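Me: I am new to this structure and would like to go through it with you. Could we begin once it is on the screen?

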Amino acid sequence: MNRWVKAGLVGGVALAAVGVGIGVLGYVRYSKDLPDHTTLANYTPSVATRVHAGDGRLVAEFASERRVFVPIASVPKRVIHAFVSAEDQNFFTHHGVDWVAVLRAQLQNLKNLGSGRRPIGASTITQQVTRVFLLTNEVSYVRKIKEAILASRIEDAMTKDQILELYMNEIFLGNRAYGVGAAALNYFNKSLDELTIAEAAFLASLPKAPDRYYRERHRDAAIARRNYVLGRMEEDGYITAAEAEAARQEPLNFADRAGDNQVRADYFIEEVRRELAKLYGEQTLYAGGLSVRTTLDPTLQAAASTALRDGLMAYDRRDGWRGPVARLQGLDSWQEKLEEVRIPPGGEDWDLAVVLKTADDAVTVGLIDGRQGRIPLSELKWARKSDKGRIVGPSIAKASDALSPGEVVFVESLAGAKGDKADQFALRQIPEVQGAIMAMDPHTGRVLAMSGGFSARMSVFNRATQAMRQPGSSFKPFVYLTALDHGFTPSTLVLDAPFALDQGGGLGKWKPANYSDKFYGPTPLRVGIEKSRNVMTVRLAQYIGMDPVVETARRFGIYDNLPAQLSMSLGAGETTVMRMTTAYAMLVNGGRKIEPSFIDRVQDRTGKTVFRHDNRPCVGCQMPLATTAVAADTGTAGTVPVPQTAAPTPPADAVPVNPDQVPQVPDDREQVDDPRTIYQVVSMLEGVVQRGTATKLREIGKPLAGKTGTTNDSLDAWFVGFSPDLAVGVFVGYDQPRSLGDHETGGSVAVPIFKDFMTVALKDQPAIPFRVPPGLQLVRVDPESGKPVPPGTRNAIWEGFIPGTEPNDGQGVLDGGDNGAGFVSSAGQPVPGSQPAPTIGTGTGGVY
């Protein structure tokens, strides 16, 4: 053998030995203190908590990283193949590092020397798993060496499927999506098995630039990158040429996840978030992968939000126009200038527009997208100038009286409304007034809908659960209930006449008055509620004493510690919409104790139920399944419909094993008052709708009951009411209390909101009458006098009396004044059995 060849071989062997030695030394050196790769076997990713409505629709997600964990067995092959072709062509054959790809990358880096380009790597999927879970993104050869060592160890310890599962659930794919499951939902609103080949290829294109390709301005680059992945899939034999070509022709369209399958319920969801955080802590809430089934009814929630917003805007328009959002300096390049105007919180559902020109019958406006339209004079009539809630400007005779060129305003399209044309708009204004609405199942306490203000983007302060306000006359039914519990009847006469009480300490006399500033003499309790008579209520509270009234308010959950002052009988204490709605729900359900609830069930990331609001045993049920409703039986008494108390509702996730049998569920609700006297109050509250302060609600054509409430100086307006199976509370007022206006009441402000909501809520529901409990004697009476009337008398009603308390000609009238109260006959003589009034503290009062 030629000595030069021998020398070469010896030299080669020596160099190889040196190389191996360096490699061994490098391995030994860089193997020290490496992270423990075996921890990957216990992978528990951060998974979003998903919140669903009662019908299963997604309402919200709470997540530090938006991720939906998908086992590798559930990932379609076309998705796996797309990522393998795009990221690691030889994944199924290498042992953690693709050395051919490494050599190719290094040669390319040598070519790029001095070009300023970032060095490229050849990371396999296994190496990417190593970097994501165990190392950092540092760009260095040391990190690459450590990465290669760990990748090899991972390949020894795990199967290819296990490595893929880690990779496909952890990788960041832009648009706040971690993992392929979340990315499929975020980009296409699809589950993985619904993705087309083209959509799978797009997702596989994202790891290289996750925050770029989904943006509209990079759409051409996104399509090019997707098509590159399709080419690789074809080259690797995962798809045919025909499939690749068809996928290339498919348009790249992203879906809006906030579509028909999602529900907007910001205030409700925030209440759920707070409750979950209290139950499980922030870490589990945002990373624990809980599945939460709420009580929310999407249809009722949409109706509640719309009714409240429309009601607040309707009231706000009565207060006039406060001026434009902004003013442009000149109308040249108006579209570009308009784009720079910040949208104030609360106006997100409307369009910003600039007034371009005015005429007598309309103003012309321009929108950000370049469209132009008209606001007709009919939509500007309300826009009289106002100052601090009071109209100061003249009536609007022509469009130019309301708006001027250059003013930026909110508008809403009238397309489709009352046949208006698509180019016509209505002028809009974010209300200053706020309010709340809540709807509840009165038999279970499940909150079906809730809105705590005009817009959660303006303020997350929830006026349904957090605002403490005076309920005014909406508290009166509980004063009357207390009186009925003490032997009064709906026909008992109470004197409606001037009342004065010395407050002591030089404070003068307290003289409550009726809203009309008139007095009506002896009046039945029923009329006192229907017409919201203040003086009658105070006289009644003085006679029975405030201590029993305070106890009634406590039992019904309205107040915890109500001062025993006469003014409190008129609703001068502060409470919340949720408490008032719950109390009214306990009236219509026959006096059964309920607690408001927002969550039916919580499951952990494995599907195990960890919380169920209703834990009653359900004999003959299988759990968990879909919600079922139980219809109440009805009965008759003579010719008068007398429905019985509603049957207990099964837990929300239970159905009977035998669909032909109603499941037997124990009714463990506490009875807080006599169902008979409670029904008497319900019947009187139905009279509020039929003949009293809420007659607007008769137009709905369904049995309804409730009570208006308005406080001193019209600071707060309420209506709380119910149908037999739905309780609803409405409140309207300013966050910084000020008068709603001299002539604004619960009837004019809150009742229209209640009406709009109930019109939708009861649209397809039967006209179920209020359920009458056993133990009442029904008598036909004249509602104005409370006296029995013969058959055939017009306008008579069926009144419920506890046997032995039916009205007669000898009943007295509750009289009284500064020093006490008692029953007197029509001749002014004391009626036996009357008693002096207890000494009661006094307050401010004056509400109606």
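Me: Let us start with one loop residue. Which residues does I802 touch, leaving aside those up to four places away in sequence?
Reply: I802 touches R676, T677, Q680, G775 and L776. Please keep in mind that this is a predicted model.

Me: Where is I802 found?
Reply: I802 is in the loop that runs between strand 30 (797–801) and strand 31 (813–817). The C-alpha atom of I802 is 9.4 Å from that of G487, although 315 residues separate the two along the chain.

Me: Now the overall picture. How many helices and strands are there?
Reply: The protein has 20 helices and 32 strands. Of its 848 residues, 52% are buried.

Me: And what about contacts between residues well separated in sequence?
Reply: Taking contacts between residues at least 6 apart in sequence, 70% join residues at least 24 apart.

Me: What does the accessible surface come to?
Reply: The figure is about 38,200 Å², and carbon and sulfur atoms account for 52% of that surface.

Me: Turning to the interior, which residues touch the most other members of the largest nonpolar core?
Reply: They are F556, L587, F722, F757 and M758, in a core of 134 residues. Helix 18 (residues 577–588) supplies the largest share of this core, with 9 residues. A separate core has 49 residues, including I72, L164, V180 and A209.

Me: What is F722 in contact with, beyond its neighbours within four places in sequence?
Reply: F722 meets Y584, L587 and V588, then V682 and L685. Its other contacts are P703, L704, A705, A727, F754, M758 and F770.

Me: Back to helix 18. At roughly what angle does it cross helix 19?
Reply: The axes of helix 18 and helix 19 (residues 675–691) cross at roughly 110 degrees and come within 8 Å. Helix 18 is therefore roughly perpendicular to helix 19, because angles of 65 to 115 degrees are classed that way.

Me: Which residues meet there?
Reply: From helix 18 come Y584, M586, L587 and V588, and they meet I678, V681, V682 and L685 of helix 19. The contact has 8 nonpolar residues, with no polar and no charged ones.

Me: Let me ask about another pair. How do helix 2 and helix 6 cross?
Reply: The axes of helix 2 (residues 77–87) and helix 6 (residues 160–170) come within 12 Å and cross at roughly 85 degrees. These two helices are therefore roughly perpendicular to each other as well.

Me: What residues make that contact, and how do they divide by class?
Reply: Helix 2 contributes V79, I80, F83 and E87, while helix 6 contributes L164, Y167 and M168. By class, the contact of helix 2 with helix 6 has 6 nonpolar residues, no polar residues and 1 charged residue.

Me: A different topic: is E744 buried or exposed?
Reply: E744 has a relative accessible area of 11%, so it counts as buried, the limit being under 20%. E744 is placed in the loop between strand 28 (726–733) and helix 20 (746–761). Apart from residues up to four places away in sequence, E744 touches Y315, R318, T710, S714 and V749.

Me: And is G389 buried or exposed?
Reply: G389 is buried, at 12% relative accessibility. The loop that holds G389 lies between strand 10 (386–387) and strand 11 (390–391).

Me: What does G389 touch, not counting residues up to four places away in sequence?
Reply: G389 touches D319 and R738. G389 and L740 are 351 residues apart in sequence, yet 8.3 Å apart in space from C-alpha to C-alpha.

Me: One last topic, backbone angles. What is phi of R176?
Reply: Phi of R176 is near 65 degrees, a positive value in a residue other than glycine. R176 sits in the loop between helix 6 and strand 4 (177–178), and R176 is exposed, with a relative accessible area of 53%.

Me: What is phi of D713, and where does D713 lie?
Reply: D713 is not a glycine, and its phi is positive at about 60 degrees. D713 lies in the loop between strand 26 (705–710) and strand 27 (716–723). With 62% relative accessibility, D713 counts as exposed.

Note on methods. Residues are numbered from 1 along each chain as its sequence is written. This is a predicted model: local features need pLDDT of at least 70, side-chain atom pairs count only at pLDDT 80 or more; totals for chains, interfaces and linings use all residues. Side-chain values use heavy atoms; hydrogens and water are left out. A nonpolar core is a set of buried Ala, Val, Leu, Ile, Met, Phe, Trp, Tyr and Cys residues joined through side-chain atoms within 4.5 Å. Buried means under 20% relative accessible area, exposed over 50%, partly exposed in between (1.4 Å probe, protein chains only). Helices (H or I, at least four residues) and strands (E, at least two) are DSSP runs, numbered from the N terminus. Contact means heavy atoms within 4.5 Å. Accessible areas come from the Shrake-Rupley method with a 1.4 Å probe; for residues, only the protein chains shown count as cover. Axes are lines fitted to C-alpha atoms, for helices over the stretch in contact, and angles run from 0 to 180 degrees between N-to-C directions. Angles under 35 degrees count as roughly parallel, over 145 as roughly antiparallel, 65 to 115 as roughly perpendicular and the rest as oblique. Ala, Val, Leu, Ile, Met, Phe, Trp, Tyr, Cys and Pro count as nonpolar, Asp, Glu, Lys and Arg as charged, and the others, Gly among them, as polar.
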